[in-house]
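Reader: Please take a close look at the aromatic side chains in this model, and explain how the ring pairs are placed and what surrounds them.

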Amino acid sequence: MCSRTNYIITKEEIYRYSENWLSTALRLDYEGRKCTTSVLFRILLIASGRVVSLFAACRDLADAPCSRTVYDALSATLPDIRELERRLNRSLCHKLPKALLRKSRILAIDLTLIPYHGKPAFDIKEIFRSKPKSGTSHFHAYATAAVVHKGYRYTVALMHVEYGASMKEVVKQLVQLIRRRGIKIRYLLLDKGFYSVSVLSYLQRAKLGYIVPILLRGRTKKDKTAPPTGMRALLKKNNGYYRQTITGQDGKRKKAQLTINVCVTSKDYLQEKTGKKRRKKLLFAISKVRRTWKEIRELYRKRFGIETTYRQMNEARIKTCTRDPRIRLLFVAIALVLRNVWVWIHFKLAKGKYNEEPQLFLELLRFQEMLLWITQTVQKALGADKTHGIDYETYQRLAAKR
């Protein structure tokens, strides 16, 4: 057997890191007969590591309380959703590397929609409406901001987005959260859903740089021979920079005009059906970013790393059918915190971590393996080995009801 000194990091240490990131900032205080604060965090971490519901996690642990007790403890200890957001954002940035705060950084902002098939718990604004996906047009929506820096993607801001909230207010609140963490913004990479006069005018007033793909709105002309106008005319231009004036609403029913810099770039790809080379023109709204059109295209590609963050978030998000938006927000935040712990561990193990291109050893610890280690540690603490199988009394009780 290897001695403790032969290990760089152990399963118990990873579990303690994860619990510390959550408990220090979240500050839940509950002392029941069997459900204490430490037990509560253990159950939350094992449910997240196994990607199951609290009921399934408690059922397999001999020394754990029932899931109803856990839900009652959460309902009793969780603050209102705004205060919970504030605590969870502190938890996300509990141990950010100090090097991340020394210089201005590139940040990516995006919106993730989690399908929902139920009714709101308290207010109709809890449920976000969007294009149908997964059999529903109702979602719980969350906006996040992530640092794009040398292969490390820390999620540094999270907020619940209500129905009817403007994208301008979403970006404004995320920028405020980022600045509270002491992170300086070099410029923002935003999804095309944030392309609007209100968002771009706010960013210009706040003197923030940005790269936003331009969303071409409106119908194309029926007369194919007529020359295109507006933004569509730029698709015929050579790659480079152009000035363009756009119109839209800046606030409630208030029309406004805004002049922006447009970067016209292109990418080559192979068409799947024919296998022939094709070229596609891309348009980006640019401000305070001095790069060539090729560099703009490659720089914006880094934003798609946030989609990987969402994929990993879903690999650690606790399953639930509760209506309470606070508990749903908590489960999303726990998954993002665990991912931040995983990124932080790889930052500690990286070779040349302060170089321009640090060398990461992702094969040493995959995200799924880290979740497995946390699960094994909690199972050992809460007596999973005491459960030998399906007991006879439970079978008889269920069989009698059929």
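Author: W342 has a relative accessibility of 9% in this predicted model, and because the limit for a buried residue is under 20%, W342 counts as buried. F367 is likewise buried, with a relative accessible area of 3%. Y17 and W344 are buried as well.

These residues meet in ring pairs, of which the structure holds five. In one of them, Y17 and W344 are arranged edge-to-face, with 5.0 Å from centre to centre and 85 degrees between the planes. Y17 belongs to helix α1, which covers residues 11-26, while W344 belongs to helix α11, which covers residues 325-349, so this pair ties together parts that lie 327 residues apart in sequence. Another edge-to-face pair is formed by W342 and F367, whose centres are 5.8 Å apart and whose planes stand at 70 degrees to each other. Here W342 comes from helix α11 and F367 from helix α12, residues 367-381, so the parts tied together by the pair are 25 residues apart in sequence.

The contact between Y17 and W344 also belongs to a wider arrangement, since ring pairs link Y17, W21 and W344 into a cluster.

Aromatic rings in this model also have charged side chains over their faces, and two cases can be described. R129 lies over the face of Y163, at 5.3 Å from the ring centre, and R303 lies over the face of F304, at 5.1 Å from the centre of that ring.

Notes. Residues numbered from 1 in each chain as written. Predicted model: local features only at pLDDT ≥ 70, side-chain atom pairs only at ≥ 80, totals over all residues. Heavy atoms only, no water. Phe/Tyr/Trp six-rings, centres within 6.5 Å; stacked < 30°, edge-to-face > 60°. Helix = DSSP H or I, 4+ residues; strand = E, 2+ residues; numbered from the N terminus. Buried < 20%, exposed > 50% of the residue type's maximum accessible area, 1.4 Å probe, protein only. Lys NZ or Arg CZ within 6 Å of the ring centre and 35° of its normal.
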